[in-house]
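Let's walk through this fold together, starting from its charged pairs and moving on to what lies inside. Keep the structure open as you read.

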Amino acid sequence: MAMLLRWLDRRMQQLMMRAKFLVVALACFVPLIFSISTALLGQWEVLQATQQERIGIGYQNDAVALVDAFSRYRSTLLAQAAKMDAAVSSGDATKRITDLLSALHARMQTDGDALKIASALGTVESAWSGAATGDQSAAAIDALNKATDAALNLVARINGQSGLALESDAGAYHLMMFSTQYMPRALERAARVRALGAAVLVAGDHAGTRYVDAIGSRAIAAGNLAQARASLEGVRAANPAIVGTIDAQGLDALGRYLDGAERLLDVGAMRRNSGP
């Protein structure tokens, strides 16, 4: 090391003053430039991630609305099958679904499918093609259920591809899972319970597949609701101030609805099994 330092000292003495300044400047500024470029690269990556999340939020809004539109369409079909008044006409419900699918395609065209959801969206549309006939057959309802499940998977795909499900902050992560995963799934299954349960009760058919589907959907909705509650507790542990802005009474009301629906369906089944 001493020999190296002596060699460097001799070399520096041989250099002119201008060259010495250049060497010193390089020795100072190269590490500085490296540090600045590293910091700028980190900020660029943060900006890119933020942009992906902003894109994801736009997709999420349309995808979650699509799940709701499928649920409303199912309620309409089952209400018509049971000779009941539907809250939304089948034509309006179909138009809403078509508009949302078009909106998702428009987003993909604008950003070049930045989130790589073309395949997941294609699965939704393929299932929807078998349900868009407007009839109330079991095959059409089954296709609609598959389209709804595919739309929920699309929501999950958007979450993963946009980084929305990769929040480093625990509170933000639990809040994202609560609002984009567990609650949409719980509400969709609760909507199935309502539509299927109403059809079963009106028809008095407590032995068919719709009764079984209603009971099964109720159980799945209860499970999703439990996950939503757990996520909300995760938010509470990380950031109690956020939880204060969420109306937890809505979760309690949904839980009471599911319990009431189960009892109502069970009473109908017991009456059927007990005979006249």
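Asp149 and Arg192 form a salt bridge, with their closest N and O atoms 2.7 Å apart. Asp149 sits in helix H5 and Arg192 in helix H6, so this pair ties together parts that are 43 residues apart in sequence. Are the two partners buried or exposed? Arg192 is buried, at a relative accessible area of 4%, while Asp149 counts as partly exposed at 28% relative accessibility. The pair also belongs to something wider: through salt bridges that share partners, Arg74, Asp149, Glu188, Arg189 and Arg192 are joined into one network.

Please bear in mind that you are looking at a predicted model. Its pLDDT averages 77 over the chain, and 72% of the residues score at least 70. Among the elements, helix H4 (residues 118-129) has the highest mean pLDDT, at 93, and helix H1 (residues 2-14) has the lowest, at 58.

Now for the overall layout. The chain holds nine helices and zero strands, so to speak an α-α-α-α-α-α-α-α-α run when you follow the elements from the N terminus. Of its 276 residues, 35% count as buried. Among contacts with a separation of 6 or more, 76% are between residues 24 or more positions apart. The accessible surface of the chain comes to about 15700 Å², and carbon and sulfur atoms account for 60% of that area.

Back to the charged side chains. How many salt bridges does the structure hold? The count is 12. As a general point, side chains of opposite charge can pair when their charged atoms come close. One of the pairs here is Asp62 with Arg107, whose side chains meet at 2.7 Å, N to O. Asp62 lies in helix H2 and Arg107 in helix H3, so the bridge ties together parts that are 45 residues apart in sequence. Asp62 counts as buried at 11% relative accessibility, whereas Arg107 counts as partly exposed at 33%.

A more local pair is found within helix H5, where Lys146 and Asp142 are four residues apart and thus separated by about one helical turn. Their salt bridge has its closest N and O atoms 3.5 Å apart. Lys146 counts as exposed, with 52% relative accessibility, and Asp142 as partly exposed, with 39%.

Next, turn to the nonpolar interior. In soluble globular proteins, nonpolar side chains tend to be buried together. In this model, the largest nonpolar core has 41 residues, and those with the most contacts inside it are Tyr59, Leu66, Phe70, Ile97, Val124, Trp128 and Leu154. Which helices supply at least two residues each to this core? They are helix H2 (17-81), helix H3 (90-111), H4, H5, helix H6 (170-203) and helix H7 (209-238). H2 gives the most, with 11 residues.

Trp128 is a good residue to click on for a view of this core. Leaving aside neighbours within four places in sequence, Trp128 is in contact with Phe70, Tyr73, Thr94, Ile97, Leu101, Leu144 and Ala147. Apart from the core around this residue lies another core, of 13 residues, among them Phe178, Ala186, Leu225 and Leu258.

Phe178 also turns up beside a serine. Ser231, in helix H7, touches His174, Met177, Phe178 and Tyr182, not counting residues up to four places away in sequence. Is Ser231 buried or exposed? Ser231 is buried, with a relative accessible area of 5%, since anything under 20% counts as buried.

A second serine is worth a stop. Ser162 lies in helix H5, which covers residues 138-162, and Ser162 is buried too, with a relative accessible area of 4%. What lies 2.7 Å from a polar atom of the Ser162 side chain? There you will find the backbone oxygen of Ile158.

Helix H5 makes a handy thread for a second look. Along H5 you can pick out Asp149, which reaches over to Arg192 in H6, the Lys146 and Asp142 pair, and the buried Ser162. H5 is also one of the helices that supply at least two residues to the 41-residue core.

Notes
Residues numbered from 1 in each chain as written. Predicted model: local features only at pLDDT ≥ 70, side-chain atom pairs only at ≥ 80, totals over all residues. Heavy atoms only, no water. Buried < 20%, exposed > 50% of the residue type's maximum accessible area, 1.4 Å probe, protein only. Contact = heavy atoms within 4.5 Å. Areas by Shrake-Rupley, 256 points an atom, 1.4 Å probe, with all protein chains shown as cover. Polar contact = N/O pair within 3.5 Å; in protein donor to acceptor, adjacent residues only side chain to side chain. pLDDT = per-residue confidence, 0-100. Core = buried A, V, L, I, M, F, W, Y, C linked by side-chain atoms within 4.5 Å. Salt bridge = Lys/Arg side-chain N within 4 Å of Asp/Glu carboxyl O.
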